[in-house]
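Q: I would like a close look at one part of this structure, namely the salt bridges and the places they join. Please take me through them slowly, and then show me what lies elsewhere on the surface and in the pockets.

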Amino acid sequence: MKRFIVAFLALTGGGIFFSGIAEAQYNLGVATSNWSGTNTLLLNPANIADSRVHFAIDVFSANAGVDNNLGTLNSTASFKDAINSGNVNNLFTYSNNTSFSLLAPYFRANLPGFMWSINKNNSIAFTNCVRGMNQFNNFDQSLFRTVGDPNYVINPQGGATVLTSKDFNYTAHLWTETGFSYGGVEQDRGRHEIKVGATLCYLRGIGYIGLKGKNMDILYQSGTDSVHVSNSDLQFASNILNTQNAILNGASSGDVLNQIFSNATGRGLGGDIGVVYDYMPQYAREHYDMDGQQGLVDAETQGDVGRD
């Protein structure tokens with residue numbers, strides 16, 4: 001049981017190591033490009049205006065990441081060792097925080113959609129995605145290390161270790177978004193261009209789990225590897241679990257799939273608006289036309305095709 005708990009905490013707590021990789025895969029470096037199709041919607045719906053892509057069809061893509069303020073992961077070897085041995089002693093260089101929070105994971109799966117650049121000044125897009133997040137907030141660092149690290153000692157005299165956790169919460173959400181976006185060029189004056197855009201999303205809830213605690217006193221007996229909880233003030237809510245299933249059985253894939261293909265437990269609307277100002281000092285070199293009359297570049301710079 002202890003090894004299972006530690007393996008789970010190691011997987012979720014290793015977030016700081018993977019967060020940099022996940023952020024790079026989010027394509028933030030190209031998400032404002034005029035060649036990025038619906039990727040530009042992730043930052044600003046106005047970015048699809050004046051797109052160089054006439055028509056784009058999305059089939060599937062995914063992005064995921066994890067993050068935490070518990071500490072930094074020392075190495076991949078220590079990560080594997082924590083899962084195999086159940087010892088998180090060498091897993092982290094821990095922060096000085098008494099409590100920690102982690103987001104592990106957050107993800108977005110993009111489903112079929114499209115973007116259509118009607119003309120230079122007007123573009124529309126239709127997008128579908130599934131989004132989810134799993135968040136631990138204000139959990140006690142000493143409890144994490146006491147359970148996972150046999151070399152971590154709070155009470156040097158031995159025996160029982162008493163811990164108290166206050167004002168913590170755990171939240172998991174899974175939902176779908178169907179969005180329609182419009183982007184238009186409001187002003188185009190050579191070097192200066194102003195674009196505006198908006199996205200309207202229909203939100204459909206799939207599943208949620210919420211745990212909120214005001215207080216929980218924990219008595220940990222290291223010799224017997226047992227935990228006794230008292231004076232607990234907890235609130236639990238979920239549409240896929242009841243309190244008995246949550247404790248005895250946990251969540252199964254069937255519970256989640258049943259929610260996906262049944263009636264949504266919640267519906268709503270979301271929106272995003274944006275404005276982009278572009279300043280192009282070398283306007284002639286950066287000017288493109290999409291009507292086929294001038295090709296890829298302005299007639300004045302035809303000779304520059306192929307240059308670095």
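A: In this predicted model, Asp-188 and Lys-120 form a salt bridge in which the closest N and O atoms are 2.6 Å apart. Because Asp-188 lies in strand E7 while Lys-120 lies in the loop between E5 and E6, the pair ties together parts that are 68 residues apart in sequence. Asp-188 has a relative accessibility of 35%, and therefore counts as partly exposed. Lys-120 also counts as partly exposed, since its relative accessibility is 25%.

Lys-120 has another partner to consider, for it forms a salt bridge with Asp-50 as well, and there the closest N and O atoms are 3.9 Å apart. A salt bridge here requires a side-chain nitrogen of Lys or Arg within 4 Å of a carboxyl oxygen of Asp or Glu, so the 3.9 Å pair is counted. Asp-50 is found in the loop between helix H2 (15-25) and E1, and Lys-120 in the loop between E5 and E6, so this pair ties together parts that are 70 residues apart in sequence. Asp-50 itself counts as buried, because its relative accessibility is 4% and buried means under 20%.

A further salt bridge is formed by Lys-195 and Asp-278, with the closest N and O atoms 3.6 Å apart. This pair, too, links distant parts of the chain, as Lys-195 is in strand E8 and Asp-278 is in strand E10, 83 residues apart. Lys-195 is buried, with a relative accessible area of 2%, whereas Asp-278, at 23% relative accessibility, counts as partly exposed. Through salt bridges that share partners, Asp-50, Arg-52, Lys-120, Asp-188 and Glu-193 are joined into one network. Counted by the same rule, the salt bridges come to six.

Strands that took part in these pairs also appear in the second largest pocket, which holds about 500 Å³ of space. Its lining consists of 29 residues, and the closest to the pocket centre are Leu-41, Leu-42, Arg-108, Asn-110 and Thr-127. The elements that give two or more residues to this lining are E5, strand E6 (122-140), strand E7 (160-189), strand E8 (192-221) and strand E10 (267-279). E6 provides the largest share of the lining, five residues. Sorted by class, the lining of the second largest pocket has 10 nonpolar, 14 polar and five charged residues.

On the surface, Phe-55, Ile-57, Val-59, Phe-60, Leu-111, Trp-116 and Ile-118 make a nonpolar patch of about 710 Å². Two elements, strand E1 (55-58) and strand E5 (99-119), give two or more residues each to the patch, and the largest share, three residues, comes from E5. Val-59 has its place in the loop between E1 and strand E2 (61-68). With a relative accessible area of 63%, Val-59 is exposed, because the cut-off for that word is over 50%. Strand E5 therefore belongs in more than one part of this picture, since it gives residues to the lining of the second largest pocket as well as to the nonpolar patch, and the loop between E5 and E6 holds Lys-120.

Note on methods: Residues numbered from 1 in each chain as written. Predicted model: local features only at pLDDT ≥ 70, side-chain atom pairs only at ≥ 80, totals over all residues. Heavy atoms only, no water. Patch = residues over 30% accessible without salt bridge, like charges linked within 9 Å, V, L, I, M, F, W, Y side chains within 5 Å. Areas by Shrake-Rupley, 256 points an atom, 1.4 Å probe, with all protein chains shown as cover. Helix = DSSP H or I, 4+ residues; strand = E, 2+ residues; numbered from the N terminus. Buried < 20%, exposed > 50% of the residue type's maximum accessible area, 1.4 Å probe, protein only. 1 Å grid on protein atoms, 1.4 Å probe; cavity = no way out; pocket = protein on both sides within 12 Å on 5 of 7 lines; lining within 4 Å. Points joined across faces, edges and corners; volume = space filled by probe spheres on them. Nonpolar A, V, L, I, M, F, W, Y, C, P; charged D, E, K, R; others polar.
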